[in-house]
Amino acid sequence: MHHFISMMFSLLVITGLQVSVESTGTRSERSFSRHYKSELTVTNGGGWGSWGHREMCPTGTYAAGFSLKVNHIGYGDDTALNGIRLHCVKKNSKGSSNSYHSYASVHSDVGSWGRWTDIKWCPSGFLTAFQLRVESPQGPGDDTAANNIMFTCSRGSLLQGDGTHWGDWGDWSQTCYGKGICGIKTRIEEPQGIGDDTALNDVRMYCCA
């Protein structure tokens, strides 16, 4: 019995070390303590759910592209926009007009439904401002909250996400003071069981010099 307990304790220690190593490896892809210069917000975000952690691009990189996690079944309980990923690159690391050979991807909290869309890249420069499409509360109807997002790039291009169509576009956020967007935080409503789900409700972006 003592031998069995000793073996189980050793196994738990080894497992704990493996989890610690894996967690460290994941964390090293992001820069959690990176200083940011300004925070970008919009006024039309949904009010359900809670804010996740702020996630930052690795030091020295900025978001030049994004992709969305979207749920659109067309009937029943649609949750529309579930997640936003930022794809971060170093300056002048571009591979071609619509892709990068090397980039890091970061996201804050993400909803439970949908699939990720293809990445949309700035033709040049970095993401610098955003606009959110949000459906207002529907009463007894199906609420979806945030449906889509649009970004401006630092050299004037507009990038609209492949989200859903309910709701209206709100006002633009402020524009980055600095090189570009370098971080994100999302407001997500947890699954409601038999209730109405909305997933992503609001988002904040962070700018770095």
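In the predicted model, N147 is in contact with A80, L81, R133, E135, G163, T164, H165 and W166, when its neighbours within four places in sequence are left aside. The place of this residue is in strand 12, and N147 is buried, because its relative accessible area is 0% while the limit for a buried residue is 20%. The side chain of N147 takes part in a polar contact of 2.9 Å with the side chain of T144, and the side chain of N147 also reaches the backbone nitrogen of W166, at 3.1 Å. The C-alpha atoms of N147 and L132 are separated by 7.7 Å, although these residues are 15 residues apart along the chain.

The setting of this residue can be described through the protein as a whole. The protein has 209 residues, of which 42% count as buried, and its secondary structure contains one helix and 16 strands. Among the contacts in the protein with a separation of 6 or more, 72% are accounted for by residues that are 24 or more positions apart. The protein exposes about 11000 Å², and carbon and sulfur atoms supply 52% of this area.

The largest nonpolar core consists of 30 residues, and within it L86, L127, I149, F151, I181 and M205 touch the most other members. Two or more residues of this core come from each of strand 4 (62-71), strand 5 (80-89), strand 11 (127-134), strand 12 (146-153), strand 15 (180-188) and strand 16 (200-208). For M205, the contacts beyond four places in sequence are with S38, E39, L40, L86, F130, I149, F151, I181, G183 and I184. Apart from the largest core lies another core, which has ten residues, including M56, Y62, Y100 and C208.

Aromatic rings were examined next. A pair of aromatic rings is described by the distance of the centres and the angle of the planes. The structure holds five aromatic pairs, and one of them is formed by Y62 and F126, whose ring centres lie 5.1 Å apart and whose planes meet at 45°, so that the pair is tilted. This pair links distant parts of the chain, since Y62 belongs to strand 4 and F126 to the loop between strand 10 (120-121) and strand 11, with their positions 64 residues apart in the sequence. Both Y62 and F126 are buried.

A further tilted pair is that of F66 and F151, with 4.7 Å from centre to centre and 50° between the planes. Here too distant parts of the chain are linked, as F66 lies in strand 4 and F151 in strand 12, 85 residues apart, and F66 and F151 are both buried. Ring pairs join F66 and F151 with F130 into a cluster. Two arginines, in turn, are placed over aromatic rings: the charged end of R204 sits over the ring of W51, 4.1 Å from the centre of that ring, whereas R54 lies over the face of Y206, at 5.5 Å from the ring centre.

Polar side chains are also found in the interior, as the case of H87 illustrates. H87 lies in strand 5, and H87 counts as buried because its relative accessible area of 3% falls under the 20% limit. The side chain of H87 makes a polar contact of 2.8 Å with the side chain of S67, and another, of 2.6 Å, with the side chain of S105. Beyond four places in sequence, H87 is in contact with Y62, A63, A64, G65, F66, S67, Y103, A104, S105, I119 and W121, a set that includes both serines of these polar contacts.

A glycine in a loop completes the description. G161 lies in the loop between strand 13 (158-160) and strand 14 (168-169), and at 6% relative accessibility G161 is nevertheless buried, because this value is under 20%. If residues up to four places away in sequence are not counted, G161 touches F66, L68, K120, N148 and I149. One of these residues, L68, is 93 residues away from G161 in sequence, yet the C-alpha atoms of G161 and L68 are 7.0 Å apart in space.

Note on methods
Residues are numbered from 1 along each chain as its sequence is written. This is a predicted model: local features need pLDDT of at least 70, side-chain atom pairs count only at pLDDT 80 or more; totals for chains, interfaces and linings use all residues. Side-chain values use heavy atoms; hydrogens and water are left out. A nonpolar core is a set of buried Ala, Val, Leu, Ile, Met, Phe, Trp, Tyr and Cys residues joined through side-chain atoms within 4.5 Å. Buried means under 20% relative accessible area, exposed over 50%, partly exposed in between (1.4 Å probe, protein chains only). Helices (H or I, at least four residues) and strands (E, at least two) are DSSP runs, numbered from the N terminus. Contact means heavy atoms within 4.5 Å. Rings of Phe, Tyr and Trp (its six-membered ring) pair if their centres lie within 6.5 Å; planes under 30 degrees apart count as stacked, over 60 as edge-to-face and the rest as tilted. A charge sits over a ring if NZ of Lys or CZ of Arg is within 6 Å of the ring centre and within 35 degrees of the ring normal. A polar contact is a pair of N or O atoms within 3.5 Å; within protein, one must be able to donate a hydrogen and the other to accept it, and residues adjacent in sequence count only if both atoms are side-chain atoms. Accessible areas come from the Shrake-Rupley method with a 1.4 Å probe; for residues, only the protein chains shown count as cover.
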